[in-house]
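Thanks for coming. I will take a few minutes to go through one model, and the display comes up now.

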Amino acid sequence: MPEEAIKSRMTDLVFEQSSLVIMVTDRQGVIREASRYAEEFAGRRLVGVNLTDIVVDFEADLDLARLALEGGRQLMTLSGAGHNPESFEFKISDCGDRILYVGEILHEEREALRAHLLRLTGEVSDLNRELQRRTAELERLVELKSRFIGVTAHDLRNPIGGIHGMSEVLRQEAETEGDDAHAEVFAMMHESSGFMLSLVEDLLTAIEFESGQLRLNLEPADLDELVASAVRLNRLLAARRGVELALRRSESLPRMRLDRMKLHQVLNNLISNAVKFSPTGATVVISAGTENDSVIVSVADSGPGIPPEELPKLFTPFLRTTVMSPHGEKGTGLGLSIAKSIVDAHGGCMRVDTEVGIGSIFTVSLPVRQPAV
Ligand SMILES: Nc1ncnc2c1ncn2[C@@H]1O[C@H](COP(=O)(O)OP(=O)(O)OP(=O)(O)O)[C@@H](O)[C@H]1O
Ligand SMILES: [Mg+2]
């Protein structure tokens, strides 16, 4: 093989197969030729690209032509696609109207980077272990908190229930004796203890949900009676706010297997919300009926309604909307989220239709399955 041909073959091999960044630029710095490795490193075709586009921290006043003349060596960091920039030591040669750059990776630097990366990986796994430890600790604390709230709420339920029941008996007695002052005091006690009782019950249910231990105590139930009972429970509260409760039943509801206490909680939450947000003189309409294979109970009020952008807050625990109760009442923001979870657990669904300035309708729909015999 003639010498020229050998040299040409060698150049081809070096261009195609070596791990050298070889680039030939014109005097303006535009790359005219690039080795395969250079393009692989850059992750793109380099011909036509200006050298300054791939050199990181390129010093504008770096006189490559002068360096080339001096047969200079220059450290340059190149950016690559999909990986970190790397530093190369370039040998720069002036070839007339072209400049030749032959760059070799700096192995010490690569090793240093690798060592750094290893150290970082070590630190990340230490942090990860610490995170896991803290998560476990946090889970333990959450569990402890839930148990604490659970025990407290459970122990409060009976005495508060006692006060709630007794205050109503005392109110009725005072009323029959014509002792209005005492009747009013007992009514207030009955109302406040009613609030406390709902809160305690909501907390207990929230904890059951949180710990994934919600167990429905399904039993054959008379839904008509449940609705009527929830209406009765809220009558006094409504009367004291000058709100009327109207119960409309299109037909009698089928007996169904459900958790009576929890469904009572749902209805109580919906009715007490409707009363809370109804202006004095308004009527809250509770309707019950069947539709296809579902029982539908809805609670409609002519309160302020809920702005559409605030709807996502409704069923989120502890969130309340900006809507104000005309009676200045506040809540914990638990009721609806719990009501929804209970309805979901029964395989049913809850819907809200609301319009600002008109009112809201909350509808519970429960599938009539396993009818009790
Ligand atoms: N009928 C309604 N009309 C207007 N806004 C309502 C109505 N029902 C609920 N909301 C809004 O949804 C929020 C959440 O209701 P939710 O029953 O979950 O909590 P709460 O009534 O504030 O407190 P809790 O029921 O725990 O005592 C309420 O604070 C209120 O902003
Ligand atoms: Mg509520």
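**Sheets, rings and a ligand shell**

I start in the later half of my notes, with a single pair: glycine 289 stands opposite isoleucine 296 in strand 11. Before going further, please keep in mind that this is a predicted model.

That pair belongs to a longer match. Strand 10 and strand 11, the latter covering residues 294-301, are paired antiparallel through 7 bridges. The two strands make a hairpin with 2 residues between them. In that turn, asparagine 292 has a positive phi of about 50 degrees.

What is the direction of strand 8 relative to strand 10? Strand 8, residues 244-249, and strand 10, residues 283-291, run parallel and are joined by 6 bridges. Within this pairing, glutamate 244 is opposite threonine 283 of strand 10.

Now to the other sheet I want to show. It is an open sheet of 6 strands, ordered 2-1-6-5-4-3, with antiparallel pairing. The edges are strand 2, at 31-34, and strand 3, at 55-56, and each of them pairs on one side only. As a reminder, strands of a sheet pair through backbone hydrogen bonds, either parallel or antiparallel.

I will stay with strand 6 and its two partners. On one side, strand 1, residues 21-26, pairs with strand 6, residues 98-105, antiparallel and over 6 bridges. Two positions from that pairing: isoleucine 22 is opposite valine 102 of strand 6, and methionine 23 is opposite tyrosine 101 of strand 6.

On the other side, strand 5 and strand 6 run antiparallel and are joined by 8 bridges. Here lysine 91 has valine 102 of strand 6 as its bridge partner. Strand 5 and strand 6 also form a hairpin, again with a turn to look at: 2 residues lie between the strands, and glycine 96 in the turn has a positive phi of about 80 degrees.

Which side chains of strand 6 are buried, and which are not? The side chains alternate along the strand. Ile99, Tyr101, Gly103 and Ile105 point to one face and are buried. Arg98, Leu100, Val102 and Glu104 point to the other face and are not buried.

Tyrosine 101 brings me to the aromatic rings. A pair of aromatic rings is described by the distance of the centres and the angle of the planes. The count for this model is 3 aromatic pairs. In one of them, phenylalanine 41 and phenylalanine 88 meet edge-to-face, at 5.2 Å centre to centre and with 85 degrees between the planes. Phenylalanine 41 is in helix 2, residues 36-42, and phenylalanine 88 is in strand 5, residues 83-95, so this pair ties together parts 47 residues apart in sequence. Both phenylalanine 41 and phenylalanine 88 are buried.

Another pair is phenylalanine 90 with tyrosine 101, also edge-to-face, with 6.3 Å between centres and 85 degrees between planes. Phenylalanine 90 sits in strand 5 and tyrosine 101 in strand 6, 11 residues apart. Why are these two counted as buried? The cut-off is under 20% relative accessible area; phenylalanine 90 counts as buried because its relative accessibility is 0%, and tyrosine 101 because its value is 1%. Taken together, ring pairs link Phe41, Phe88, Phe90 and Tyr101 into a cluster.

Last, the ligand. Ligand 1 has 18 residues around it, and those that come nearest are Lys276, Asp301, Thr321, Thr332 and Leu336. By class, the shell divides into 7 nonpolar, 8 polar and 3 charged residues.

Which element gives the largest share of that shell? Helix 7 does, with 4 residues. Helix 7 at 260-277, helix 8 at 335-345 and strand 13 at 359-367 each supply at least two residues.

I have three polar distances to report. A polar side-chain atom of asparagine 273 is 2.8 Å from an oxygen atom of ligand 1. For lysine 276, the distance from a polar side-chain atom to an oxygen atom of the ligand is 2.7 Å. For threonine 332, an N or O atom in the side chain is 2.5 Å from an oxygen atom of ligand 1. Taken alone, ligand 1 exposes 590 Å², and the protein buries 93% of that.

That is where I stop.

Conventions
Residues numbered from 1 in each chain as written. Chains lettered and ligands numbered in written order. Predicted model: local features only at pLDDT ≥ 70, side-chain atom pairs only at ≥ 80, totals over all residues. Heavy atoms only, no water. Pairing = 2+ DSSP bridges. Near = heavy atom within 4 Å. Polar contact = N/O pair within 3.5 Å; in protein donor to acceptor, adjacent residues only side chain to side chain. Areas by Shrake-Rupley, 256 points an atom, 1.4 Å probe, with all protein chains shown as cover. Nonpolar A, V, L, I, M, F, W, Y, C, P; charged D, E, K, R; others polar. Phe/Tyr/Trp six-rings, centres within 6.5 Å; stacked < 30°, edge-to-face > 60°. Buried < 20%, exposed > 50% of the residue type's maximum accessible area, 1.4 Å probe, protein only.
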